[in-house]
Amino acid sequence: MAKPKKRYVCQACGSVATRWQGQCADCAEWNTLVEDAANVVTTFAKKHNLQGGGRRISFVGLDDEVALPARMQTGIAEFDRAIGGGLVPGSATLIGGDPGIGKSTLLLQVAARLAGSGKRSIYISGEEAADQVRLRARRLGLGDAPLKLAAATSVRDILTTLSEEEEAPDFLVIDSIQTMHSDMIEGAPGTVSQVRASAHELVRFAKEKGSALILVGHVTKDGNIAGPRVLEHMVDTVLGFEGERSHQYRILRAVKNRFGGTDEIGVFAMEGKGLSEVANPSALFLTERSEEVSGTVVFPALEGTRPVLVELQALTVRLASGATPRRSAVGWDSSRLAMLLAVLEARCGVSFASTEVYLNVAGGYRLSDPAADLAVAAALVSALSERPIPGGTVILGEVALSGEVRPVAHGALRLKAAAKLGFESAWSPKMSDAPAGLQAAYFERLGQLVDRILGR
Ligand code: TYD
Ligand code: MG
């Protein structure tokens, strides 16, 4: 009789090996291979076919009643807007951002505000001592909010405590998921398996009890939320809190949202008394200008459905000879800058050879909208020729490699916002729905814009 073959199954990924090895050949985890009993092979075979033995699921039609989630307004309008109109009970949200950007401050403010409006609001800090958080809350003027605060890192302790409470929390903040530790799994806090296991338990608790859970996550150097990407799949909403530390403004942006769109942002300013809401973001990005300066252009950007006016600044420096000129862009894609320089040279005869080019988006704002092409080109030509763009002008339009100026999305919306802020004229591709009150100049080709700036 043939001896039953031994098999070893990896406990991490489920792959099967015929020999024991220290490391799984498939998922590269160590010490995960475990000998499988011989008769398991038959169970395996039985389970391998899943077409029977389960429970029946029921189907519904697309036209059946939809129960929309009741949202919980936090009272901080910019936060509610970014999250899609308020927090959804029984949902999990991950909020990522660089260290020091203001995640803890924001969530403390949100938690305190909710507590003040009668919600059961809990803030668990794994990074700071309770005293530290309390001091910060006092400094922010939130000292008397009935917020429940604790410093803890054991997920078992946290969930034990919370499930022994009479009522489940409406709002629960875990700051941060990288400091949490689950004793069901080995390994130090912050490791992939710990982060995953802790998040899994916390999310399950939130779903069961109908709490709105917020997990804070740190961001790695390349901008991903540290720990496994899988965290992003476990939660309903992923928010990013962005901004330059050297600048005041912060943008809360949804990257993923199962309960709403991802095109709305919340804008805040970090001030002495915490984060304040910025209802009119344009004011943050437009620098005060008393006179017309060559190389500066205002572009009506769009964040979600919300126009934000930003200032573009270009500087050109002539080089004496020979050396390769630098091209540098801050807040704008440098390959798109190279493309515009090439189009200006090839289609309009404006040469930037032996000229260094610097482009900056004011206020630390980052633009990736091709609708800014025409504004960037205008800033470059204006800087090179030292001829300022007339004050009170906004410029928008996409530029094709052929030198054609293409229409942009939501042109009318952008121009309406500019008109509201006192701008008088717009340079743009042909638009049928330009708002009244703004003098419009239409450009079909980039060459026409160059001629206009150079006064030809
Ligand atoms: P914090 O919320 O601790 O950041 P994170 O949790 O994302 O790491 O924010 C800390 C920074 O915010 C710190 O550099 C100081 C600044 N800050 C203010 O400017 N004003 C304030 O009122 C507070 C509380 C913080
Ligand atoms: Mg923090």
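Helices (H or I, at least four residues) and strands (E, at least two) are DSSP runs, numbered from the N terminus. This is a predicted model: local features need pLDDT of at least 70, side-chain atom pairs count only at pLDDT 80 or more, and totals for chains, interfaces and linings use all residues. Residues are numbered from 1 along each chain as its sequence is written, chains are lettered from A and ligands numbered from 1 in the order in which they are written, and side-chain values use heavy atoms, with hydrogens and water left out.

**Exercise 1. Place glutamate 29, and state how exposed it is.**

Step 1. Find the element. Glutamate 29 sits in the loop that runs between β2 (16–17) and β3 (33–36).

Step 2. Apply the cut-offs. Buried means under 20% relative accessible area, exposed over 50%, and partly exposed in between (1.4 Å probe, protein chains only). Glutamate 29 has a relative accessible area of 42%, so it is partly exposed.

Step 3. Take a distance. Glutamate 29 and leucine 421 are 392 residues apart along the chain, and 58 Å separate their C-alpha atoms.

**Exercise 2. Are glycine 240 and isoleucine 214 buried or exposed?**

Step 1. Assign the strands. Glycine 240 belongs to strand β9. Isoleucine 214 belongs to strand β8 (residues 212–218).

Step 2. Read the accessibility. Glycine 240 has a relative accessible area of 12%, so it is buried. Isoleucine 214 is at 1% relative accessibility and therefore counts as buried.

Step 3. Add distances. From glycine 240 to glutamate 127 the C-alpha separation is 19 Å, with these positions 113 residues apart along the chain. Isoleucine 214 and proline 300 are 86 residues apart along the chain, with their C-alpha atoms separated by 33 Å.

**Exercise 3. Where is serine 246, and is it buried or exposed?**

Step 1. Locate the loop. Serine 246 lies between β9 (237–242) and β10 (249–257).

Step 2. Classify. Its relative accessibility is 65%, so serine 246 counts as exposed.

Step 3. Compare chain and space. Serine 246 is 95 residues from leucine 341 in sequence and 30 Å from it in space, C-alpha to C-alpha.

**Exercise 4. Describe the surroundings of ligand 1.**

Step 1. List the neighbours. A residue is near a molecule or strand if one of its heavy atoms lies within 4 Å of it. There are 16 residues around ligand 1, and Gly100, Lys103, Ser104, Thr105 and Gly274 come nearest.

Step 2. Look for polar contacts. A polar contact is a pair of N or O atoms within 3.5 Å; within protein, one must be able to donate a hydrogen and the other to accept it, and residues adjacent in sequence count only if both atoms are side-chain atoms. Serine 104 places a polar side-chain atom 2.6 Å from an oxygen atom of ligand 1. Threonine 105 also has a polar side-chain atom 2.6 Å from an oxygen atom of the ligand. On glutamate 271, a polar backbone atom is 2.8 Å from a nitrogen atom of ligand 1.

Step 3. State the cover. On its own, ligand 1 has 560 Å² of accessible area, and the protein covers 75% of this. Accessible areas come from the Shrake-Rupley method with a 1.4 Å probe; for residues, only the protein chains shown count as cover.

Step 4. Name the elements. α3 (103–116) and β11 (265–271) are the elements that give two or more residues to the shell. α3 gives the most, with three residues.

Step 5. Sort by class. Ala, Val, Leu, Ile, Met, Phe, Trp, Tyr, Cys and Pro count as nonpolar, Asp, Glu, Lys and Arg as charged, and the others, Gly among them, as polar. The shell has four nonpolar, six polar and six charged residues.

**Exercise 5. Examine the backbone at serine 176, glutamate 386 and histidine 410.**

Step 1. Check omega. Aspartate 175 and serine 176 are joined by a cis peptide bond, with omega about 5°. Serine 176 is in the loop between β7 (171–175) and α6 (192–209).

Step 2. Check phi. Glutamate 386 is not a glycine, yet its phi is positive, at about 55°. Glutamate 386 lies in the loop between α10 and β17 (393–395). It counts as exposed because its relative accessibility is 64%.

Step 3. Repeat for histidine 410. Its phi is positive and near 55°, in a residue other than glycine. Histidine 410 is in the loop between β19 (405–406) and α11 (411–420).
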